[in-house]
Amino acid sequence: MRRFLIVFACLLPAVAAAQQKLLPAQSEVAFTSRQMGVPVDGRFAKFDAQVAFDPKKPESAKIAFSIDLDSVSVGDAETVREVRKPGWFDTAKFPKASFQSGAVKALGGGRFEIAGTLSIKGVARPVTVPATLVQQGPNTTATGSFTIKRLDFRIGDGDWSDVSLVANDVVVKFRLALAGVPPL
Amino acid sequence: MLGISLCAPGAFRDASKMAGMNRQADAFTFILHAARASGARHPFMSPSAAYSRTAIALHWLAGVAIIATFSFGLYMVDLPFSPARIRQYNWHKWAGIAILALSALRLLWRLRHAPPPLPSAMPAWQRRVSHATHHLMYLLFFAVPLAGWAYSSAAGFPVVWFGVLPLPDWVPRDAGLAELLKPVHRGLAYALGALVVLHVAAALKHQFVDRDGLLSRMLPFLSR
Ligand code: HEM
């Protein structure tokens, strides 16, 4: 038992070193949807990430990301009330969206391509997320954007499925500040 | 209709104003007079019974567009949040911006083309009311759509004209400002609505009570 504890204690810093910390105050997850050509911007106030990432060993990276969908703000107050409803996010039944990384590829110059699975409203779909890393002082900022099709996730189904009214493409943009990422 | 007498009372008052008797410190009037002085056709020199065809076309186009957009506005705000409402809000905005553009065209035309003089039998107070009504209407042709545009931008929905031409935001995106601008757009639109009612009522009075043929200046077929 005692020996086990010692081994465990020795392992702990190693695990901790592999884990980066998300700095929510400096991070942002936003999206843009289009209504009859009008860009409508939205963002999520609450999200969290578990990141184990060494830029030198992208193949062993593990990134799990989750978004609290109730923390959405988009358009005006009425739009916010609307997108929480069952036809859109259905936040009562599906409070969180999540992303789980699969293969991570380094493209050079601080750019990476993260393949993974995005789950929203009970639908899981493969996505590829590009991210550009910039390191400054102790922190690393990962930025990127990718496009998803809202109807793949049944977001805005029924009456709202007409894509001439609300476009199918939704651009998701993120800027994530992380502490403890090893140097590029 | 009612003789778009923006500053119509005509040549004699023009002359008196030029002579320094201008008591109306009205920038708008000033611009009109300046434009007229700078070579625009003078009503006194070329009297005509009716408005020009361009003025008539612009007038009726604007009239139909404004009444339709106004009615549409009243109808759409009571709809529940739905695809239909989003569609109609956008149509309303597109029509409203079209009215703004049309009004700019109309004002430019009006600055260079004086309307025919008012019937000489018209009492001075009526001239003044007509004058004031037309000034205010022109002001609101701009103020109403500009307030709608500003409200839309402040609320976080920039205007994309006909779904293809993105218009710039000229006020910041700000929910508090949007709450302020919403009743401004509504109040100005209601004021314009009230003036349109007065305008139509006056035109009908000229036609059916005064029988002075004023309406035929805007509806030439009436005089045939
Ligand atoms: C001459 C042109 C216009 C007229 C006569 C007009 C008239 C109106 C009227 C009567 C309403 C209903 C107000 C109420 O009862 O609450 C309304 C609402 C509205 N208008 Fe306009 N409008 C014009 C131009 C515009 C433009 C150019 C825009 C935006 C680009 C616009 C945006 C809106 C919006 C967003 C509402 C809904 C406000 C709400 O949610 O209560 N309008 N308009």
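Of the contacts in chain B between residues at least 6 apart in sequence, what percentage join residues at least 24 apart? Some notes on that and on the rest of this predicted model follow.

1. To take the opening question straight away: the figure for chain B is 74%. A single pair gives a feel for such contacts along the sequence: Ile67(B) and Gly193(B) sit 126 residues apart along the chain, yet their C-alpha atoms are separated by 8.0 Å. Ile67(B) belongs to helix H3 of chain B, and with a relative accessibility of 47% it counts as partly exposed.

2. On the general layout of chain B: I read 6 helices and 2 strands. Followed along the sequence, the order is α-α-α-α-α-β-β-α, with the two strands sitting just ahead of the last helix. Chain B has 224 residues, and 45% of them are buried.

3. Helix H3 of chain B is worth a look for its geometry. It runs over residues 53-76, which makes 24 residues, and at 1.5 Å a residue the expected span is 34 Å. The C-alpha atoms at its two ends are 34 Å apart, so expectation and model agree.

4. Staying with H3(B), what is buried along it? The list has Ala55(B), Ile56(B), Leu58(B), His59(B), Ala62(B), Ile66(B), Thr69(B), Gly73(B) and Met76(B). The cover over these residues includes H4, helix H5 (124-154) and helix H6 (175-210), each of them in chain B. Ile67(B), by contrast, comes right after the buried Ile66(B) but is partly exposed at 47%.

5. Now the interface. Chain B and chain A each bring 16 residues to the contact. Together they bury about 1500 Å², and carbon and sulfur atoms account for 65% of that area. On the chain B side, Phe81(B), Pro83(B) and Phe157(B) supply 40% of the area buried against chain A, more than any other three residues.

6. The polar side of the same interface is easy to list. There are 3 salt bridges between chain B and chain A, and the count of residue pairs in polar contact, both at pLDDT 80 or more, is also given as 3. Helix H4 of chain B, residues 83-112, gives the most to the chain B side of the interface, with 7 residues. Sorted by class, that side has 9 nonpolar, 4 polar and 3 charged residues.

7. One of the cross-chain salt bridges pairs Arg85(B) with Glu78(A), with N and O at 2.8 Å. Arg85(B) comes from helix H4 of chain B, while Glu78(A) comes from helix H2 (residues 77-83) of chain A. How accessible is each partner, Arg85(B) and Glu78(A)? Arg85(B) has a relative accessible area of 10%, so it counts as buried. Glu78(A), at 29%, is partly exposed.

8. Another cross-chain bridge joins Asp162(A) and Arg87(B), again listed at 2.8 Å from N to O. Here Asp162(A) lies in the loop between strand E10 (139-149) and strand E11 (169-179) of chain A, and Arg87(B) lies in helix H4 of chain B. Asp162(A) is partly exposed at 30% relative accessibility, and Arg87(B) is partly exposed at 23%.

9. Beyond the interface, the total over all chains comes to 10 salt bridges. Within chain A, Lys105(A) bridges to Glu113(A), where the closest N and O atoms are 3.5 Å apart. Glu113(A) is partly exposed, with 29% relative accessibility. Chain A also holds a network of salt bridges that links Glu28(A), Arg43(A) and Arg175(A).

10. A last stop in chain A is Ser101(A), in strand E7 (residues 96-108). At 12% relative accessibility Ser101(A) is under the 20% cut-off, so it counts as buried. Which residues touch it, once neighbours within four places in sequence are left aside? Ser101(A) is in contact with Ala61(A), Lys62(A) and Ile63(A), and also with Ile114(A), Ala115(A) and Gly116(A).

Conventions:
Residues are numbered from 1 along each chain as its sequence is written. Chains are lettered from A and ligands numbered from 1 in the order in which they are written. This is a predicted model: local features need pLDDT of at least 70, side-chain atom pairs count only at pLDDT 80 or more; totals for chains, interfaces and linings use all residues. Side-chain values use heavy atoms; hydrogens and water are left out. Contact means heavy atoms within 4.5 Å. Buried area is the accessible area (1.4 Å probe) that two parts lose on being put together, summed over both. A salt bridge is a side-chain nitrogen of Lys or Arg within 4 Å of a carboxyl oxygen of Asp or Glu. A polar contact is a pair of N or O atoms within 3.5 Å; within protein, one must be able to donate a hydrogen and the other to accept it, and residues adjacent in sequence count only if both atoms are side-chain atoms. Helices (H or I, at least four residues) and strands (E, at least two) are DSSP runs, numbered from the N terminus. Ala, Val, Leu, Ile, Met, Phe, Trp, Tyr, Cys and Pro count as nonpolar, Asp, Glu, Lys and Arg as charged, and the others, Gly among them, as polar. The expected span of a helix is 1.5 Å times one less than its number of residues. Buried means under 20% relative accessible area, exposed over 50%, partly exposed in between (1.4 Å probe, protein chains only).
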